[in-house]
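Work through the following exercises with the model at hand. Each task is followed by a solution in steps.

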Amino acid sequence: MAFARSRQALAIAGVLGLALGAAACGTGNDKKSSNAGSAECAAYEKYGNHDGKKVTAYSSIREIEADRLAESWKQFEDCTGIDIDHEGSGEFEAQISVRVDGGNAPDLAFFPQPGLLKRFVDSGKVKPASADTKAEAEANFSPDWLKYSTVNGQFYGAPLGSNVKSFVWYSPKTFKEKGWTVPTTWDELIALSDKIAAGGTKPWCAGIESQEATGWPATDWIEDVLLRTAGPEVYDQWTTHGIPFNDPKVADALDRAGTILKNEKYVNGGFGGVKSIATTSFQEAGVPITTGKCALHRQASFYANQWPKGTKVAEDGDVFAFYFPAIDPAKGKPVLGGGEFVAAFADRPEVQAVQTYLASGEYANSRAKIGDWVSANKKLDLANVPNPVDKLSVGILQDPKTVFRFDGSDLMPAAVGSGTFWKGMIQWFNGKDTATVLGGIENSWK
(Lines give C-alpha, C1' and ligand atoms only; values in the text may rest on other atoms or scores of the structure.)
Protein backbone atom coordinates (compact mmCIF):
# COMPACT_ATOMS: atom_id res chain seq x y z
CA MET A 1 0.00 0.00 0.00
CA ALA A 2 1.06 3.57 -0.43
CA PHE A 3 0.49 6.89 1.27
CA ALA A 4 -1.62 10.04 0.96
CA ARG A 5 -0.08 12.71 -1.24
CA SER A 6 -0.55 16.40 -1.92
CA ARG A 7 -1.55 16.97 -5.53
CA GLN A 8 -0.97 20.70 -5.03
CA ALA A 9 2.59 20.16 -3.84
CA LEU A 10 3.38 18.06 -6.88
CA ALA A 11 1.82 20.66 -9.16
CA ILE A 12 3.98 23.37 -7.61
CA ALA A 13 7.05 21.17 -7.95
CA GLY A 14 6.16 20.58 -11.59
CA VAL A 15 5.83 24.31 -12.26
CA LEU A 16 9.17 25.02 -10.62
CA GLY A 17 10.76 22.18 -12.60
CA LEU A 18 9.44 23.57 -15.87
CA ALA A 19 10.62 27.05 -14.99
CA LEU A 20 14.10 25.85 -14.15
CA GLY A 21 14.16 23.68 -17.27
CA ALA A 22 13.16 26.61 -19.45
CA ALA A 23 15.82 28.81 -17.89
CA ALA A 24 18.53 26.24 -18.48
CA CYS A 25 17.48 24.83 -21.82
CA GLY A 26 15.12 27.24 -23.51
CA THR A 27 11.61 25.97 -24.24
CA GLY A 28 10.34 22.61 -23.02
CA ASN A 29 10.58 21.21 -26.54
CA ASP A 30 14.21 22.29 -26.74
CA LYS A 31 15.17 20.53 -23.51
CA LYS A 32 15.43 17.07 -24.97
CA SER A 33 17.44 18.07 -28.00
CA SER A 34 19.90 20.04 -25.87
CA ASN A 35 20.52 17.06 -23.58
CA ALA A 36 20.28 14.24 -26.12
CA GLY A 37 23.93 14.17 -27.04
CA SER A 38 25.23 14.50 -23.48
CA ALA A 39 27.01 11.69 -21.67
CA GLU A 40 24.33 11.63 -18.97
CA CYS A 41 21.71 10.77 -21.60
CA ALA A 42 23.63 7.87 -23.13
CA ALA A 43 21.77 5.32 -20.99
CA TYR A 44 18.43 6.62 -22.27
CA GLU A 45 19.12 6.55 -26.02
CA LYS A 46 17.56 3.09 -26.34
CA TYR A 47 14.19 4.53 -25.30
CA GLY A 48 14.08 6.84 -28.33
CA ASN A 49 13.18 10.46 -29.01
CA HIS A 50 9.63 11.36 -27.99
CA ASP A 51 9.72 15.16 -27.88
CA GLY A 52 6.46 16.73 -26.75
CA LYS A 53 4.78 13.42 -25.86
CA LYS A 54 2.87 12.97 -22.62
CA VAL A 55 2.26 9.74 -20.69
CA THR A 56 -0.30 9.72 -17.89
CA ALA A 57 0.18 7.48 -14.85
CA TYR A 58 -2.20 6.74 -11.98
CA SER A 59 -1.38 5.08 -8.65
CA SER A 60 -1.95 5.05 -4.90
CA ILE A 61 1.41 6.78 -4.34
CA ARG A 62 0.94 10.22 -2.77
CA GLU A 63 2.52 13.12 -0.84
CA ILE A 64 6.30 12.91 -0.36
CA GLU A 65 6.35 9.51 -2.06
CA ALA A 66 4.85 11.05 -5.19
CA ASP A 67 7.36 13.91 -5.11
CA ARG A 68 10.18 11.39 -4.98
CA LEU A 69 8.61 9.44 -7.82
CA ALA A 70 8.63 12.55 -9.99
CA GLU A 71 12.25 13.21 -9.09
CA SER A 72 13.26 9.62 -9.88
CA TRP A 73 12.32 9.81 -13.57
CA LYS A 74 13.21 13.46 -14.22
CA GLN A 75 16.41 12.69 -16.13
CA PHE A 76 14.55 10.13 -18.23
CA GLU A 77 12.03 12.86 -19.11
CA ASP A 78 14.81 15.34 -19.92
CA CYS A 79 16.61 12.89 -22.18
CA THR A 80 13.63 11.37 -24.01
CA GLY A 81 11.34 14.39 -24.16
CA ILE A 82 8.47 12.48 -22.52
CA ASP A 83 6.39 14.29 -19.90
CA ILE A 84 5.18 11.76 -17.31
CA ASP A 85 2.03 13.17 -15.71
CA HIS A 86 1.49 11.16 -12.52
CA GLU A 87 -1.53 11.37 -10.24
CA GLY A 88 -1.90 9.54 -6.94
CA SER A 89 -5.12 8.82 -5.07
CA GLY A 90 -6.07 7.38 -1.71
CA GLU A 91 -9.03 5.80 -3.49
CA PHE A 92 -7.03 4.18 -6.28
CA GLU A 93 -8.67 0.76 -5.95
CA ALA A 94 -12.14 2.21 -6.49
CA GLN A 95 -11.33 5.06 -8.85
CA ILE A 96 -9.26 3.06 -11.35
CA SER A 97 -12.43 1.09 -12.15
CA VAL A 98 -14.45 4.28 -12.50
CA ARG A 99 -11.90 5.77 -14.87
CA VAL A 100 -11.43 2.70 -17.02
CA ASP A 101 -15.13 1.91 -17.25
CA GLY A 102 -15.83 5.57 -18.05
CA GLY A 103 -13.40 5.61 -20.96
CA ASN A 104 -10.87 7.76 -19.08
CA ALA A 105 -8.16 5.19 -18.42
CA PRO A 106 -4.61 6.40 -17.69
CA ASP A 107 -1.84 5.30 -20.01
CA LEU A 108 -0.17 3.48 -17.11
CA ALA A 109 -1.42 2.33 -13.73
CA PHE A 110 0.69 1.03 -10.85
CA PHE A 111 -1.36 -1.85 -9.42
CA PRO A 112 -0.59 -2.86 -5.81
CA GLN A 113 -2.96 -5.83 -6.14
CA PRO A 114 -2.28 -8.53 -8.74
CA GLY A 115 -5.86 -9.67 -8.23
CA LEU A 116 -7.16 -6.27 -9.30
CA LEU A 117 -4.80 -6.21 -12.28
CA LYS A 118 -6.09 -9.62 -13.38
CA ARG A 119 -9.63 -8.29 -13.37
CA PHE A 120 -8.73 -5.63 -15.93
CA VAL A 121 -6.74 -8.15 -17.95
CA ASP A 122 -9.74 -10.50 -18.04
CA SER A 123 -11.93 -7.64 -19.29
CA GLY A 124 -9.52 -7.00 -22.16
CA LYS A 125 -8.63 -3.48 -21.00
CA VAL A 126 -4.91 -3.95 -20.26
CA LYS A 127 -2.36 -4.14 -23.07
CA PRO A 128 0.24 -6.93 -23.02
CA ALA A 129 3.73 -5.67 -22.25
CA SER A 130 5.99 -5.06 -25.24
CA ALA A 131 8.81 -7.46 -26.08
CA ASP A 132 11.31 -4.87 -24.78
CA THR A 133 9.51 -4.53 -21.47
CA LYS A 134 9.26 -8.30 -21.08
CA ALA A 135 12.97 -8.77 -21.83
CA GLU A 136 13.94 -6.04 -19.35
CA ALA A 137 11.73 -7.55 -16.66
CA GLU A 138 13.03 -11.08 -17.18
CA ALA A 139 16.60 -9.83 -16.88
CA ASN A 140 15.96 -7.96 -13.65
CA PHE A 141 13.35 -9.86 -11.62
CA SER A 142 12.95 -13.42 -10.40
CA PRO A 143 10.26 -15.69 -11.91
CA ASP A 144 8.46 -15.62 -8.55
CA TRP A 145 7.85 -11.90 -8.99
CA LEU A 146 6.96 -11.99 -12.68
CA LYS A 147 4.30 -14.67 -12.20
CA TYR A 148 2.17 -12.16 -10.29
CA SER A 149 1.66 -10.06 -13.44
CA THR A 150 1.41 -12.96 -15.88
CA VAL A 151 -2.12 -14.06 -16.80
CA ASN A 152 -2.80 -17.11 -18.98
CA GLY A 153 0.83 -17.10 -20.10
CA GLN A 154 0.82 -13.42 -21.15
CA PHE A 155 3.06 -10.91 -19.36
CA TYR A 156 1.54 -7.52 -18.54
CA GLY A 157 4.11 -5.53 -16.58
CA ALA A 158 7.11 -5.51 -14.27
CA PRO A 159 7.20 -4.70 -10.56
CA LEU A 160 7.99 -1.12 -9.58
CA GLY A 161 8.56 -0.63 -5.87
CA SER A 162 8.50 -3.50 -3.40
CA ASN A 163 8.30 -3.87 0.33
CA VAL A 164 8.98 -6.36 3.07
CA LYS A 165 6.09 -6.59 5.51
CA SER A 166 7.55 -9.00 8.06
CA PHE A 167 8.98 -6.37 10.39
CA VAL A 168 8.30 -5.14 13.93
CA TRP A 169 9.30 -1.53 14.62
CA TYR A 170 10.78 -0.52 17.96
CA SER A 171 13.01 2.07 19.63
CA PRO A 172 16.63 0.89 20.09
CA LYS A 173 17.12 3.78 22.52
CA THR A 174 14.19 2.68 24.70
CA PHE A 175 15.20 -0.98 24.53
CA LYS A 176 18.69 -0.07 25.75
CA GLU A 177 17.35 2.08 28.58
CA LYS A 178 14.90 -0.61 29.72
CA GLY A 179 17.27 -3.53 29.24
CA TRP A 180 14.92 -5.20 26.75
CA THR A 181 16.29 -7.64 24.17
CA VAL A 182 15.11 -7.93 20.57
CA PRO A 183 13.17 -11.22 20.37
CA THR A 184 14.13 -13.85 17.82
CA THR A 185 11.29 -16.33 18.47
CA TRP A 186 7.54 -16.00 18.93
CA ASP A 187 7.76 -17.14 22.55
CA GLU A 188 10.36 -14.45 23.23
CA LEU A 189 8.10 -11.87 21.56
CA ILE A 190 5.18 -12.76 23.83
CA ALA A 191 7.41 -12.85 26.91
CA LEU A 192 8.69 -9.37 26.05
CA SER A 193 5.13 -8.12 25.55
CA ASP A 194 4.14 -9.47 28.98
CA LYS A 195 7.17 -7.83 30.59
CA ILE A 196 6.40 -4.45 29.04
CA ALA A 197 2.73 -4.67 30.01
CA ALA A 198 3.67 -5.58 33.59
CA GLY A 199 5.64 -2.34 33.74
CA GLY A 200 2.54 -0.27 33.00
CA THR A 201 3.03 0.36 29.26
CA LYS A 202 0.86 -1.02 26.49
CA PRO A 203 3.48 -2.97 24.49
CA TRP A 204 1.73 -2.75 21.12
CA CYS A 205 0.21 0.00 19.01
CA ALA A 206 -1.74 -0.59 15.81
CA GLY A 207 -4.06 1.09 13.34
CA ILE A 208 -5.95 -0.10 10.27
CA GLU A 209 -7.70 3.11 9.10
CA SER A 210 -6.69 3.99 5.52
CA GLN A 211 -9.61 5.87 3.93
CA GLU A 212 -11.29 3.61 1.37
CA ALA A 213 -8.65 0.95 2.04
CA THR A 214 -9.36 0.67 5.78
CA GLY A 215 -8.64 -2.84 7.03
CA TRP A 216 -5.60 -3.81 4.96
CA PRO A 217 -3.01 -3.62 7.80
CA ALA A 218 -4.92 -6.32 9.69
CA THR A 219 -4.88 -8.64 6.67
CA ASP A 220 -1.08 -8.44 6.76
CA TRP A 221 -1.08 -9.71 10.32
CA ILE A 222 -3.10 -12.78 9.38
CA GLU A 223 -0.98 -13.50 6.32
CA ASP A 224 2.29 -13.20 8.24
CA VAL A 225 1.03 -15.48 11.00
CA LEU A 226 -0.45 -18.03 8.56
CA LEU A 227 2.90 -18.28 6.75
CA ARG A 228 4.51 -19.03 10.09
CA THR A 229 2.00 -21.54 11.42
CA ALA A 230 0.82 -23.38 8.29
CA GLY A 231 3.66 -22.78 5.81
CA PRO A 232 3.88 -21.39 2.27
CA GLU A 233 2.12 -24.30 0.55
CA VAL A 234 -1.04 -23.87 2.64
CA TYR A 235 -0.74 -20.10 2.16
CA ASP A 236 -0.74 -20.58 -1.63
CA GLN A 237 -3.81 -22.81 -1.40
CA TRP A 238 -5.60 -20.19 0.67
CA THR A 239 -4.86 -17.25 -1.64
CA THR A 240 -6.12 -19.20 -4.67
CA HIS A 241 -9.15 -20.64 -2.85
CA GLY A 242 -7.68 -24.12 -2.98
CA ILE A 243 -8.85 -24.35 0.62
CA PRO A 244 -11.83 -22.42 2.05
CA PHE A 245 -11.17 -18.93 3.38
CA ASN A 246 -12.42 -20.13 6.78
CA ASP A 247 -10.27 -23.27 6.87
CA PRO A 248 -9.34 -24.17 10.47
CA LYS A 249 -5.70 -23.28 9.76
CA VAL A 250 -6.76 -19.75 8.79
CA ALA A 251 -8.98 -19.46 11.86
CA ASP A 252 -6.05 -20.53 14.04
CA ALA A 253 -3.86 -17.84 12.45
CA LEU A 254 -6.46 -15.12 13.06
CA ASP A 255 -6.95 -16.23 16.65
CA ARG A 256 -3.20 -16.22 17.23
CA ALA A 257 -2.99 -12.70 15.84
CA GLY A 258 -5.81 -11.89 18.23
CA THR A 259 -3.71 -12.91 21.23
CA ILE A 260 -1.88 -9.64 20.56
CA LEU A 261 -4.35 -7.42 18.71
CA LYS A 262 -7.40 -8.22 20.86
CA ASN A 263 -5.51 -8.31 24.14
CA GLU A 264 -6.55 -5.27 26.19
CA LYS A 265 -3.32 -5.61 28.20
CA TYR A 266 -1.31 -5.24 25.00
CA VAL A 267 -3.13 -2.63 22.89
CA ASN A 268 -3.62 0.08 21.80
CA GLY A 269 -0.72 2.10 23.24
CA GLY A 270 -1.26 5.83 22.83
CA PHE A 271 -4.76 5.55 21.37
CA GLY A 272 -7.18 3.56 23.56
CA GLY A 273 -8.56 0.05 23.67
CA VAL A 274 -8.90 -2.71 21.10
CA LYS A 275 -11.68 -0.99 19.14
CA SER A 276 -9.51 2.12 18.66
CA ILE A 277 -7.37 0.08 16.22
CA ALA A 278 -10.18 0.28 13.64
CA THR A 279 -10.20 4.10 13.72
CA THR A 280 -6.47 4.78 14.12
CA SER A 281 -4.80 5.68 10.82
CA PHE A 282 -2.03 3.34 9.78
CA GLN A 283 0.22 6.35 9.13
CA GLU A 284 -0.02 7.47 12.78
CA ALA A 285 -0.27 4.03 14.38
CA GLY A 286 3.42 3.54 15.19
CA VAL A 287 4.25 7.11 16.20
CA PRO A 288 3.64 6.50 19.97
CA ILE A 289 6.89 4.49 19.93
CA THR A 290 8.73 7.81 19.68
CA THR A 291 7.02 9.10 22.86
CA GLY A 292 7.26 5.91 24.91
CA LYS A 293 3.51 5.20 24.84
CA CYS A 294 4.04 1.85 23.15
CA ALA A 295 7.06 -0.28 22.31
CA LEU A 296 6.18 -2.45 19.29
CA HIS A 297 4.45 -1.91 15.96
CA ARG A 298 4.21 -4.54 13.23
CA GLN A 299 4.39 -2.83 9.87
CA ALA A 300 6.20 -2.98 6.55
CA SER A 301 9.53 -1.52 5.47
CA PHE A 302 7.76 1.43 3.87
CA TYR A 303 6.74 2.64 7.32
CA ALA A 304 10.17 4.25 7.48
CA ASN A 305 8.54 7.19 5.68
CA GLN A 306 5.97 7.76 8.43
CA TRP A 307 8.12 8.74 11.39
CA PRO A 308 8.12 12.39 12.52
CA LYS A 309 10.65 14.66 10.85
CA GLY A 310 14.10 14.31 12.41
CA THR A 311 13.57 10.72 13.60
CA LYS A 312 16.74 8.68 13.10
CA VAL A 313 15.99 5.28 11.56
CA ALA A 314 18.95 3.03 12.34
CA GLU A 315 20.10 0.18 14.55
CA ASP A 316 21.40 2.75 17.02
CA GLY A 317 18.73 5.35 16.24
CA ASP A 318 15.36 6.48 17.50
CA VAL A 319 13.54 3.70 15.66
CA PHE A 320 14.46 0.56 13.78
CA ALA A 321 12.86 -2.77 12.91
CA PHE A 322 13.47 -6.45 13.52
CA TYR A 323 12.23 -9.53 11.66
CA PHE A 324 8.78 -10.65 12.80
CA PRO A 325 9.84 -13.88 14.54
CA ALA A 326 9.09 -17.34 13.23
CA ILE A 327 6.57 -19.44 15.13
CA ASP A 328 7.34 -22.96 13.88
CA PRO A 329 11.06 -23.45 13.13
CA ALA A 330 10.11 -26.23 10.70
CA LYS A 331 8.43 -23.60 8.48
CA GLY A 332 11.71 -21.67 8.12
CA LYS A 333 11.77 -17.88 8.02
CA PRO A 334 9.10 -16.83 5.51
CA VAL A 335 8.83 -13.23 4.35
CA LEU A 336 5.61 -11.47 3.43
CA GLY A 337 5.81 -8.57 1.02
CA GLY A 338 4.12 -6.52 -1.62
CA GLY A 339 4.69 -4.05 -4.40
CA GLU A 340 3.22 -2.38 -7.45
CA PHE A 341 3.06 -3.62 -11.03
CA VAL A 342 3.23 -1.23 -13.98
CA ALA A 343 0.43 -2.09 -16.40
CA ALA A 344 -0.54 -0.22 -19.58
CA PHE A 345 -3.93 0.74 -20.96
CA ALA A 346 -2.32 2.17 -24.12
CA ASP A 347 0.43 0.88 -26.40
CA ARG A 348 1.72 4.06 -27.99
CA PRO A 349 5.54 4.04 -28.42
CA GLU A 350 6.10 6.61 -25.66
CA VAL A 351 3.96 4.59 -23.24
CA GLN A 352 5.93 1.43 -23.98
CA ALA A 353 9.18 3.37 -23.50
CA VAL A 354 8.16 4.49 -20.01
CA GLN A 355 6.95 1.01 -19.06
CA THR A 356 10.25 -0.51 -20.20
CA TYR A 357 12.31 2.12 -18.37
CA LEU A 358 10.47 1.52 -15.10
CA ALA A 359 11.48 -2.17 -15.33
CA SER A 360 15.17 -1.31 -15.74
CA GLY A 361 18.11 -1.32 -13.40
CA GLU A 362 18.75 2.33 -14.29
CA TYR A 363 15.36 3.30 -12.89
CA ALA A 364 15.71 1.16 -9.74
CA ASN A 365 19.04 2.77 -8.87
CA SER A 366 17.79 6.26 -9.70
CA ARG A 367 14.83 5.89 -7.33
CA ALA A 368 16.82 4.15 -4.62
CA LYS A 369 19.37 6.97 -4.39
CA ILE A 370 16.60 9.40 -3.42
CA GLY A 371 15.88 7.28 -0.34
CA ASP A 372 13.12 5.39 1.48
CA TRP A 373 12.39 2.87 -1.26
CA VAL A 374 12.77 -0.85 -1.81
CA SER A 375 12.82 -2.95 -4.97
CA ALA A 376 13.26 -6.61 -5.86
CA ASN A 377 15.16 -5.53 -9.00
CA LYS A 378 18.32 -7.67 -9.14
CA LYS A 379 20.26 -4.78 -10.73
CA LEU A 380 19.71 -2.56 -7.69
CA ASP A 381 23.08 -1.86 -6.04
CA LEU A 382 22.87 -2.01 -2.23
CA ALA A 383 25.35 0.87 -2.12
CA ASN A 384 22.59 3.07 -3.55
CA VAL A 385 20.16 2.22 -0.73
CA PRO A 386 20.79 4.74 2.08
CA ASN A 387 18.13 3.73 4.61
CA PRO A 388 19.28 0.86 6.89
CA VAL A 389 15.84 -0.80 6.95
CA ASP A 390 15.58 -0.55 3.17
CA LYS A 391 19.06 -2.00 2.82
CA LEU A 392 18.01 -4.91 5.02
CA SER A 393 14.85 -5.35 2.95
CA VAL A 394 16.62 -5.33 -0.41
CA GLY A 395 19.12 -7.86 0.89
CA ILE A 396 16.25 -10.14 1.90
CA LEU A 397 14.49 -9.76 -1.46
CA GLN A 398 17.64 -10.41 -3.46
CA ASP A 399 18.54 -13.50 -1.44
CA PRO A 400 17.54 -16.58 -3.50
CA LYS A 401 17.00 -18.55 -0.26
CA THR A 402 14.23 -16.26 0.98
CA VAL A 403 10.81 -17.92 1.23
CA PHE A 404 8.89 -14.95 -0.18
CA ARG A 405 5.15 -14.69 -0.60
CA PHE A 406 3.15 -11.76 -1.95
CA ASP A 407 0.50 -10.09 0.17
CA GLY A 408 -2.42 -12.52 0.14
CA SER A 409 -5.26 -10.01 -0.01
CA ASP A 410 -3.63 -8.46 -3.08
CA LEU A 411 -3.53 -11.84 -4.82
CA MET A 412 -7.19 -12.61 -4.24
CA PRO A 413 -10.02 -11.38 -6.48
CA ALA A 414 -10.47 -7.68 -5.72
CA ALA A 415 -14.03 -8.18 -4.46
CA VAL A 416 -12.60 -10.41 -1.73
CA GLY A 417 -9.02 -9.23 -1.13
CA SER A 418 -9.72 -5.50 -1.10
CA GLY A 419 -13.42 -5.93 -0.39
CA THR A 420 -14.86 -8.39 2.08
CA PHE A 421 -11.47 -9.25 3.61
CA TRP A 422 -10.73 -5.62 4.47
CA LYS A 423 -14.28 -5.05 5.73
CA GLY A 424 -14.21 -8.29 7.69
CA MET A 425 -11.18 -7.11 9.64
CA ILE A 426 -13.03 -3.95 10.66
CA GLN A 427 -15.90 -6.12 11.90
CA TRP A 428 -13.46 -8.35 13.77
CA PHE A 429 -12.01 -5.42 15.71
CA ASN A 430 -15.51 -4.15 16.42
CA GLY A 431 -16.46 -7.38 18.14
CA LYS A 432 -17.49 -10.03 15.62
CA ASP A 433 -16.05 -13.48 16.33
CA THR A 434 -13.52 -15.25 14.11
CA ALA A 435 -15.90 -17.87 12.74
CA THR A 436 -18.51 -15.30 11.69
CA VAL A 437 -15.99 -13.00 10.03
CA LEU A 438 -14.16 -15.73 8.12
CA GLY A 439 -17.41 -17.43 7.15
CA GLY A 440 -18.73 -14.20 5.68
CA ILE A 441 -15.60 -13.73 3.59
CA GLU A 442 -15.77 -17.35 2.38
CA ASN A 443 -19.40 -16.85 1.30
CA SER A 444 -18.42 -13.73 -0.65
CA TRP A 445 -15.79 -15.69 -2.58
CA LYS A 446 -18.34 -18.35 -3.54
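**Exercise 1. Confidence**

Task: State what average pLDDT the chain has in this predicted model, and where pLDDT stays under 50.

Solution. The chain of this predicted model has an average pLDDT of 91. A score of at least 70 is reached by 92% of the residues. Over residues 1-34, pLDDT stays under 50. For that stretch the model has 53 contacts beyond four places in sequence.

**Exercise 2. The buried residues of two helices**

Task: Find which residues of helix α12 (residues 232-239) are buried, and work out how they are arranged about the axis. Then list the buried residues of helix α6 (residues 114-122).

Solution. Step one: in α12 the buried residues are Pro232, Val234, Tyr235, Trp238 and Thr239. Step two: viewed down the axis of α12, these residues fall within an arc of 160 degrees, so they line one face of the helix. The general background is that an α-helix has 3.6 residues a turn, so residues three or four places apart point the same way. Step three: just after α12, histidine 241 has a positive phi of about 65 degrees.

In α6, Pro114, Gly115, Leu116, Leu117, Phe120 and Val121 are buried. Glycine 124 follows α6 and has a positive phi, near 80 degrees.

**Exercise 3. Two helix pairs**

Task: Describe how α11 packs with α18, and how α7 packs with α14.

Solution. Two packed helices are described by the angle between their axes and the distance between the axes.

First pair: the axes of α11 (residues 216-229) and α18 (residues 414-429) cross at roughly 90 degrees and come within 8 Å. Angles of 65 to 115 degrees count as roughly perpendicular, and α11 and α18 are therefore roughly perpendicular to each other. From α11, Trp216, Ala218, Thr219, Ile222 and Glu223 meet Phe421, Trp422, Met425 and Phe429 of α18. The residues of this contact divide into seven nonpolar, one polar and one charged.

Second pair: α7 (residues 131-140) and α14 (residues 349-358) have axes 8 Å apart, at an angle of about 5 degrees. This makes α7 roughly parallel to α14. Asp132, Thr133 and Glu136 of α7 meet Gln352, Gln355 and Thr356 of α14. Here the contact has no nonpolar residues, four polar and two charged.

**Exercise 4. Two loop residues**

Task: Decide whether glutamine 299 and valine 274 are buried or exposed, and list what each touches.

Solution. Glutamine 299 is in the loop between β8 (297-298) and β9 (320-323). Buried means under 20% relative accessible area; at 1% relative accessibility, glutamine 299 counts as buried. Beyond four places in sequence, glutamine 299 touches Lys165, Phe167, Trp169, Trp216, Pro217, Asp220 and Phe282.

Valine 274 lies in the loop between α13 (248-261) and β8, and at 7% relative accessibility it counts as buried. Outside its neighbours within four places in sequence, valine 274 contacts Leu261, Lys262, Asn263, Glu264, Val267 and Phe429. From valine 274 to glutamate 264 is 10 residues in sequence and 6.2 Å in space, C-alpha to C-alpha.

**Exercise 5. Backbone angles**

Task: Find which peptide bond has omega near 5 degrees, and give the phi of glutamate 63 and of aspartate 372.

Solution. The bond from valine 267 to asparagine 268 is cis, with omega near 5 degrees. Asparagine 268 is in the loop between α13 and β8. Glutamate 63, in helix α3 (residues 63-72), has a positive phi of about 50 degrees although it is not a glycine. At 42% relative accessibility, glutamate 63 counts as partly exposed. Aspartate 372, also not a glycine, has a positive phi of about 55 degrees; aspartate 372 is in the loop between α15 (361-370) and α16 (388-398).

How values were computed. Residues numbered from 1 in each chain as written. Predicted model: local features only at pLDDT ≥ 70, side-chain atom pairs only at ≥ 80, totals over all residues. Heavy atoms only, no water. pLDDT = per-residue confidence, 0-100. Contact = heavy atoms within 4.5 Å. Buried < 20%, exposed > 50% of the residue type's maximum accessible area, 1.4 Å probe, protein only. Helix = DSSP H or I, 4+ residues; strand = E, 2+ residues; numbered from the N terminus. Arc of directions from axis to C-beta. Axes fitted to C-alpha atoms, helices over the stretch in contact; angles between N-to-C directions. Parallel < 35°, antiparallel > 145°, perpendicular 65-115°, else oblique. Nonpolar A, V, L, I, M, F, W, Y, C, P; charged D, E, K, R; others polar.
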